[in-house]
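Biologist: Got a minute to go through this one with me? I'd like to hear what stands behind the labels.

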Amino acid sequence: MNYITELHRRFESEGVPFVYVSPSASILALDGVSASVLDHFTDGADLEEWVTGHDGDEEFKEQYEVFEGLVHQGLLKPEGELGPVAEALPPMPYPLTTLVLNVTNKCNLACTYCYEFGEDKLADALRKNGDARRSRMSAETARQSIDFLFENSTGRDQVNLTFFGGETLLNFETIRDAVLYAKERAAECGKRMGFALTTNATLLTDEIIEFLVEHRFGVNISIDGGGEEQDRHRTFKSGKGTYEEIAPRIQRLIAANSGVGQPIGARVTLTEGAASVRDTYQHLVGELGFDQVGFAPVTSAPGRDYALASASMDALLDDFRVLTEDYVEAALENKRHGFSNIEDLLRELHQGVNKAHPCGAGLGLLGVSTEGDLGLCHRFVESGEHEVGDVESGIDQEKRQQFLIDGHISNKAECQTCFARPHCSGGCYHEAQVRYGDASHPNVHHCDWVRAWTDLGLEAYGKIAVGNPAFLDRLDGDPGAPAGAVMEVEV
Amino acid sequence: MKHLKAINRKARWIEERSGHGDSSAKAMADIPFGCSTQLDPGWEVDSGGGTYGLCTPVERDLYDCYHSCYWPAQVPDALTNFPEWTSTCGAPVHDWSKIDLVFP
């Protein structure tokens, strides 16, 4: 019988050969013997022919053990045999873990849609039942949403509320009420509660800071870098830059949160002509004191004037490579580094995450509009096509299930031959919806970049596995444990 | 195993089970909890299913991108070239699909 390799990626770090096995997301270290066995079967080879004539051969016995190991790891299989198939869907209805509450559609910065599409315009947009949309979520709707979350999270030890906007802190009253109510309900139900919020930091006051720290919020701040970077695009309606306003507020939050709360993260949007990623990172961590920094690179349709040239994406990969090297250097010395893009990737590689769906939208997570309508995620809230019920009457299970069937990796033909599939799974639904008019379409415009980024992650993973394997345990974490909690390393 | 070493958690998990005659312990897809990791397009929950590792606030960034080139993703710019691009769209997320293509 012929045996042949499944989809995989071989790579080398510090002179050690590794292989990443796509069907299982396993990472294996090879040596000369195992590498030669893998070489032998890579294009398909007959097993009996390979075995013949080796009776009593001790050296060959070791090779055969390697063969068996590779079969168990899903790397070798009989030619023609179909690979193991993922369950189509988990048992439905799948219990929720997280609701994203859109507490307001308004924003106080001029760089958002609200500058032109403010309250009046929003009021013109109608819900399915003909009601006008609201710009703020009422405390009552938030409480209803929380009740809905507890009713639909059977079996979950912890549930999470994420507050989203607009600028979330424009509706701090509802946030405060929701947090206190959720904690009350959590105590009754015997569950743990997690809270998170994203803000532009312009409205952070000492009172709000105290509240966020007390309730252990995961806080993410949208900031593009130092003064020049930040003020280039993120301004008040007057046109005045925001950096001077937010920097001291951020520093007060970080100081109050230090040693008490969850890591404070910065989220940077990279635009054409932005400063180098490393300079921005160093400013945000070194000057402002952020624990983590995540970068969201710009992507665009090809050939457009406004498109980020592929050279810029290449340059971005180079920048990410430099920061990744810094991360690895720190990891080898058991030190913490806050480049969250690579840490997220390494955590997924280490855990062997292998996704049937690219994200939790519609599975464990739903978004809630200011009026209580349910969307697949925060990005689909208020999109009628993707609405899946409301917090009052419940989830439209049929629609939810169809979305999950359509978005399943097995329905994405382009992904079937890609080694990066386990942790990419086709990419963001919303981006696909905008780009292709179909949420279940794989984001094929990202493929080359994603594969190069995955290669970079594998190489970094290998370096740490060789140089300081104990560090990898810190990427373990218990399933469901806070991601931030697994990084208790020296600063 | 002497010549083949399981490095990550998944590989170790499979190896442990294969040693006990459980041949089903290979190559299954998991259920994801978090957001797609690539390019940080969203941030709803982290890979552990919690909200602590979140980054990236992005909702309706279409208009962010359009008005100020804050994130000039897949959209034209309002500042110089396409000031009328969204004139058919009253509310951002609700009816963004009414916005048409442009041809520079």
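Biologist: Which hand does the crossing of α1(A) past α3(A) have?

Modeller: Right-handed, the term for a near helix turned clockwise from the far one by less than a right angle (anticlockwise would be left-handed). Keep in mind this is a predicted model, where local features need pLDDT of at least 70, side-chain atom pairs count only at pLDDT 80 or more, and totals for chains, interfaces and linings use all residues. Residues are numbered from 1 along each chain as written, with chains lettered from A and ligands numbered from 1 in written order.

Biologist: What makes E14(A) exposed?

Modeller: Exposed needs 12 or fewer other C-beta atoms, placed from the backbone, within 10 Å; buried needs 20 or more, and partly exposed is in between. E14(A) has 11, so exposed it is. Its phi is near 50 degrees, positive though the residue isn't glycine.

Biologist: And why is N334(A) called exposed?

Modeller: N334(A) has 12 C-beta neighbours inside 10 Å, so it counts as exposed. Here too phi is positive, about 60 degrees, in a residue that is not a glycine.

Biologist: How do you know that β1(A) and β5(A) pair?

Modeller: Pairing takes at least two bridges found by DSSP. Two bridges join these antiparallel strands, so they pair. N2(A) has D46(A) of β5(A) as bridge partner.

Biologist: Why is one side of β5 and of β6 in chain A left without a neighbour in the sheet?

Modeller: Both stand at the edges, each with a single partner strand, so one side stays free of a sheet neighbour. The order is β5-β1-β6 in an open, antiparallel sheet.

Terms used
Helices (H or I, at least four residues) and strands (E, at least two) are DSSP runs, numbered from the N terminus.
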